[in-house]
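Colleague: I have this model open on my screen and would love some help finding my way around. Could you take me through one part of it closely?

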Amino acid sequence: MSTSKRIALFPGSFDPFTRGHEDIVLRGLQLFDEIIVAIGYNSQKSTRYFDINTMSDYIRQTFASYPNISVVTFSELTAEFARRNGARFLLRGLRNTTDFEYENSISQINKKLFEELESVFLITTPQLAWISSSIIREVHRYGGDVSEFLPYRLK
Ligand code: ADP
């Protein structure tokens, strides 16, 4: 972990990646030199609705014009993955107090596992605050049009 570049990991399930996530990444670019969007698949949410490789392609497509944004998948401890990739920052979004409670405990654990890791939280943009992957899955499952909540076109 020798680099002086400010590299942030933006980990999540991204099932699917939404305009809310896109907003956090783009705003994060004001703070970091590089952002790695990391789709995790080792959590309790082991069964995905959207295929992980398809989702990686959609996210890559979304940020195709940004050479400093990369997209990867991972299935290990987030802190360990950050360390191995030279990322000293974890980027996360906060929508409400439920997010806060969860993020608070996760960030304490991550700091125990990798002391130099700083979690950085961006407060949601109000117009995007209600967008959640779970709501989008629900609407999509029943055939509703979700295109306006996603920064790419579903095939
Ligand atoms: P996880 O399964 O780790 O909670 P998600 O894919 O649900 O991952 O979310 C990844 C991150 O994006 C989390 O920090 C979450 O709070 C944040 N996030 C999700 N939706 C929004 C939104 N609409 N506005 C801001 N942040 C969001």
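The part I would like to look at is the sheet, together with what packs around it. In what order do the strands of the open sheet come, which residues touch the most other members of the largest nonpolar core, and which residue forms a salt bridge with D15?

Modeller: Happy to! Please keep in mind that this is a predicted model. Let's begin with the sheet and work outwards.

The open sheet has 5 strands, and if you walk across it you meet them in the order β3-β2-β1-β4-β5, with parallel pairing. At the edges sit β3 and β5 (118–123), each of which pairs on one side only. From one strand to the next, the twist averages 30 degrees. For a concrete place to zoom in, try β2 and β3: they pair in the parallel sense over 6 bridges. A38 has its bridge partner in β3, namely V72. The helix α1 packs on this sheet and touches β1, β2, β3, β4 and β5. Its direction makes about 135 degrees with that of β4.

Now for the nonpolar side chains. The largest nonpolar core has 29 residues, and F10, F17, V37 and I59 are the ones touching the most other members. Two or more residues come from each of β1 (7–12), α1 (19–28), β2 (34–40), α2 (52–62), β3 (69–74) and β4 (89–94). Of these, α2 gives the most, with 4 residues. F17 is a good residue to click on. Leaving aside residues up to four places away in sequence, F17 touches F10, V37 and I59, and its other contacts are E22, V25, M55, F63, L150, P151 and Y152. There is also a second core, separate from that one, made up of 12 residues, among them I36, A82, A87 and F114.

Next come the charged pairs. The model has 11 salt bridges in total, and your D15 forms one of them with R48, where the closest N and O atoms are 3.7 Å apart. D15 belongs to the loop between β1 and α1, while R48 belongs to the loop between β2 and α2, so this pair links distant parts of the chain, 33 residues apart. Is D15 buried or exposed? Its relative accessible area is 6%, and because buried means under 20%, D15 counts as buried. R48, at 22%, is partly exposed.

Two further salt bridges are worth a look. D99 pairs with R95, the closest N and O atoms being 2.9 Å apart. Here D99 is buried at 13% relative accessibility, whereas R95 is partly exposed at 39%. K111 and E118 form a salt bridge through their side chains, at 3.3 Å from N to O. Both partners are partly exposed: K111 has a relative accessibility of 32%, and E118 has 37%.

Let me finish with T124, in the loop between β5 and α5 (133–141). With a relative accessible area of 15%, T124 is buried. Not counting residues up to four places away in sequence, T124 touches R27, L94, R95 and A129. One of those contacts, R95, is the salt-bridge partner of D99, which makes T124 a handy spot for turning the view from the sheet to the charged pairs.

Notes: Residues are numbered from 1 along each chain as its sequence is written. This is a predicted model: local features need pLDDT of at least 70, side-chain atom pairs count only at pLDDT 80 or more; totals for chains, interfaces and linings use all residues. Side-chain values use heavy atoms; hydrogens and water are left out. A nonpolar core is a set of buried Ala, Val, Leu, Ile, Met, Phe, Trp, Tyr and Cys residues joined through side-chain atoms within 4.5 Å. Buried means under 20% relative accessible area, exposed over 50%, partly exposed in between (1.4 Å probe, protein chains only). Contact means heavy atoms within 4.5 Å. A salt bridge is a side-chain nitrogen of Lys or Arg within 4 Å of a carboxyl oxygen of Asp or Glu. Two strands pair if DSSP finds at least two bridges between them. Axes are lines fitted to C-alpha atoms, for helices over the stretch in contact, and angles run from 0 to 180 degrees between N-to-C directions.
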